[in-house]
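Could you load the model in your viewer and keep the selection box handy? We will take a walk through it, one stop at a time.

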Amino acid sequence: MTAHLLRDVQLLQGPDQPLQRSDVLLEQGVITAIGASSWDGAARLGLSPLPAGSWLLAPALVDPHSFLEEPEDGRAETLESLVRSAAAAGYGTVALLPRARNWRDRPECLHLAAEPPFDLRLWGGFSLGGRGEGLSAHADLLAAGALGLAEEGELPPLPLLERGLSIGECADRPVLLAPRNASLDHGGFVREGVEALRAGWPVDPPLSETIPLQNLLTLWALLPQVRLRLANLSTAAGVKLLRAADPAPMATVCWWHLVADSGSLDPVAEGWRLVPSLGTPEDRRALVAALADGVISAVAVHHQPLDPEEQLLPLDQRRPGLAGHRYVLPLLWHQLVREQGWSPEALWRALCWGPARLLDLEEPGLQCGSRRWILFDPELEWTPGSDGYASRAANQPLGGEVLRGRVLATGLLPRLWLGPR
């Protein structure tokens with residue numbers, strides 16, 4: 001991309017500003033003018049305007065938690081491939097959970113960085129190795145640059161959790177905890193419901209989420225100074241508990257739980273094996289409603305790449321997870337904006353500003369000089385198999401389907417331009 005004058009583009013500049021139409025000049029991936037002054041710059045460069053009335057120019061998205069286990073030489077994903085694929089999908093900030101070959105539970109393990117303007121953030125491990133047996137050095141991790149502390153798989157034992165939160169070393173930074181108890185899931189990987197029983201799937205009862213969630217909410221009432229964040233709420237019962245909490249901590253939901261459920265997903269499709277487990281249609285409706293009214297604060301990608309060899313294992317023998325940042329914006333635009341009438345501003349609250357608040361980061365906005373923008377065409381059709389910026393992960397959904405809606409360009413990757421020449 002060299003330079004383009006976008007005429008009458010839909011412009012979403014920040015969390016407190018309504019959607020408007022404007023002319024915008026882009027040069028080498030940078031917003032150089034907004035409004036009438038963009039025509040002066042276009043004249044200087046000899047540009048003809050591009051009709052952009054159906055496109056949306058908005059701040060880059062924020063992913064509050066995903067995985068990257070082998071950043072240097074991973075077969076499923078590397079730091080380079082993750083940054084490229086996430087940026088091309090519209091994500092300008094990705095926060096990585098501690099799980100890695102060198103678990104991020106010590107200051108010397110917090111060395112990953114990405115080239116600006118991409119913003120890579122790291123969660124430090126709440127416990128050593130994520131085993132829930134001993135606490136990491138919280139103060140040292142935070143001083144070394146961890147954005148907060150996380151225990152992503154399931155809730156640590158309550159005595160360890162209470163001790164870690166009570167010592168006060170993380171009082172001013174977010175602590176991300178997943179309300180899950182694996183000992184209560186009975187080996188199931190689909191939430192209990194009529195659809196799962198008919199299909200013969202092993203079921204995971206809502207109690208595996210609601211009991212640890214009740215424990216977390218009780219503990220937080222005793223320690224309100226802790227900046228508690230809940231990861232991947234997944235059931236209607238969990239939503240009901242969170243609605244009843246006063247006050248309620250900020251929470252995330254994995255994007256796939258908003259677009260798929262046990263009643264709508266093909267039995268042979270990718271996307272059944274997740275942690276937390278895939279929910280029922282009722283669970284999905286409750287999660288969407290909670291996101292709409294702010295009970296759930298943010299959508300997480302929770303990208304968990306698997307390599308091709310591991311992907312060939314039977315469903316019950318391979319690690320759970322789903323990969324791919326590139327599906328999130330198109331599918332949620334279809335599900336929430338096109339089908340349910342959400343405004344673009346409401347979707348950006350869930351994908352950009354809400355995640356930024358959850359991470360205690362400044363809410364992204366657009367202004368002249370910014371490179372952290374994306375240009376999205378809600379109507380462009382494309383197939384994931386033809387995407388040259390795709391993740392390397394083997395466990396991506398919807399590989400053979402035609403999707404509607406795609407990022408045309410972003411200042412995060414100035415060479416990316418899928419619009420007309």
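The stops below go from the central sheet to the aromatic pairs and then to a few backbone details. Please keep in mind along the way that this is a predicted model.

**Stop 1: the open sheet**

Begin by selecting the strands β6, β7, β8, β9, β10, β13, β14 and β15, which form an open sheet in that order. The sheet has 8 strands, and their pairing is parallel. Look along it and you can see the twist: on average, neighbouring strands are turned by 30° against each other, direction ignored.

Which strands stand at the edges? They are β6 (61–66) and β15 (298–300); each has a single partner strand, so one side of each is left without a neighbour in the sheet.

Stay with β6 for a moment and add β7 (residues 91–96). These two strands run parallel and are joined by 4 bridges. Within this pairing, D63 sits opposite V94 of β7.

**Stop 2: strand β9 and its neighbours**

Now select residues 148–151, which make up β9. Are its faces covered or open? Both are covered: G148 and A150 are buried on one side, and L149 and E151 are buried on the other.

Next, show the partners of β9. Toward β8 (residues 119–125) there are 3 bridges, and the two strands run parallel. Here G124 has L149 as its bridge partner. Toward β10 (residues 174–177) the pairing is again parallel, over 3 bridges. On that side, A150 has L176 as its bridge partner.

Helices make the connections. Select residues 138–143 to bring up α3, which forms a right-handed β-α-β unit with β8 and β9. Then select residues 158–166: this is α4, through which the chain crosses from β9 to β10, in a right-handed crossover.

**Stop 3: the cysteines**

Colour the cysteine sulfurs next. How many disulfides does the structure hold? The count is 0. For C170, the nearest cysteine sulfur belongs to C109 and is 19 Å away. C170 is buried, because its relative accessibility is 1% and the limit for buried is under 20%. For C254, the nearest cysteine sulfur is that of C352, 18 Å away. C254 is also counted as buried, at 8% relative accessibility.

**Stop 4: aromatic pairs**

Show the aromatic side chains: the whole structure contains 6 aromatic pairs.

Pick W55 and W417 as a start. Their rings meet edge-to-face, with 6.5 Å from centre to centre and 80° between the planes. This pair links distant parts of the chain, 362 residues apart: W55 is in the loop between β4 (49–51) and β5 (56–59), while W417 is in the segment after β17 (403–410). W55 is buried at 7% relative accessible area, and W417 is buried at 4%.

Move on to W333 and F376, a tilted pair with 5.3 Å between centres and 55° between planes. W333 belongs to helix α11 (residues 328–338) and F376 to strand β16 (residues 373–382), 43 residues apart. W333 is buried at 9% relative accessibility, and F376 is buried at 1%.

While α11 is on screen, select the whole helix: 9 of its 11 residues are buried. Among them are L329, L332, L336 and V337.

Two more side-chain selections are worth your time. F189, W201 and W272 make one aromatic cluster. And R99 lies over the face of F67, 4.0 Å from the ring centre.

**Stop 5: backbone details**

Finish with the backbone. Which peptide bond leading to P247 is cis? It is the bond from D246, with omega near 0°, and P247 lies in the loop between α7 (236–244) and β14 (250–254). The bond from V275 to P276 is cis too, with omega near 0°; P276 is in the loop between α8 (256–259) and α9 (281–292).

For positive phi outside glycine, select N232, with phi near 60°. N232 sits in the loop between β13 (227–230) and α7, and it is buried at 6% relative accessible area. D360 also has a positive phi, near 60°. D360 is placed in the loop between α12 (344–358) and β16, and this residue is partly exposed at 33% relative accessible area.

Methods. Residues numbered from 1 in each chain as written. Predicted model: local features only at pLDDT ≥ 70, side-chain atom pairs only at ≥ 80, totals over all residues. Heavy atoms only, no water. Buried < 20%, exposed > 50% of the residue type's maximum accessible area, 1.4 Å probe, protein only. Pairing = 2+ DSSP bridges. Right-handed = clockwise from strand over helix to strand, strands pointing away. Disulfide = S-S within 2.5 Å. Phe/Tyr/Trp six-rings, centres within 6.5 Å; stacked < 30°, edge-to-face > 60°. Lys NZ or Arg CZ within 6 Å of the ring centre and 35° of its normal. Axes fitted to C-alpha atoms, helices over the stretch in contact; angles between N-to-C directions.
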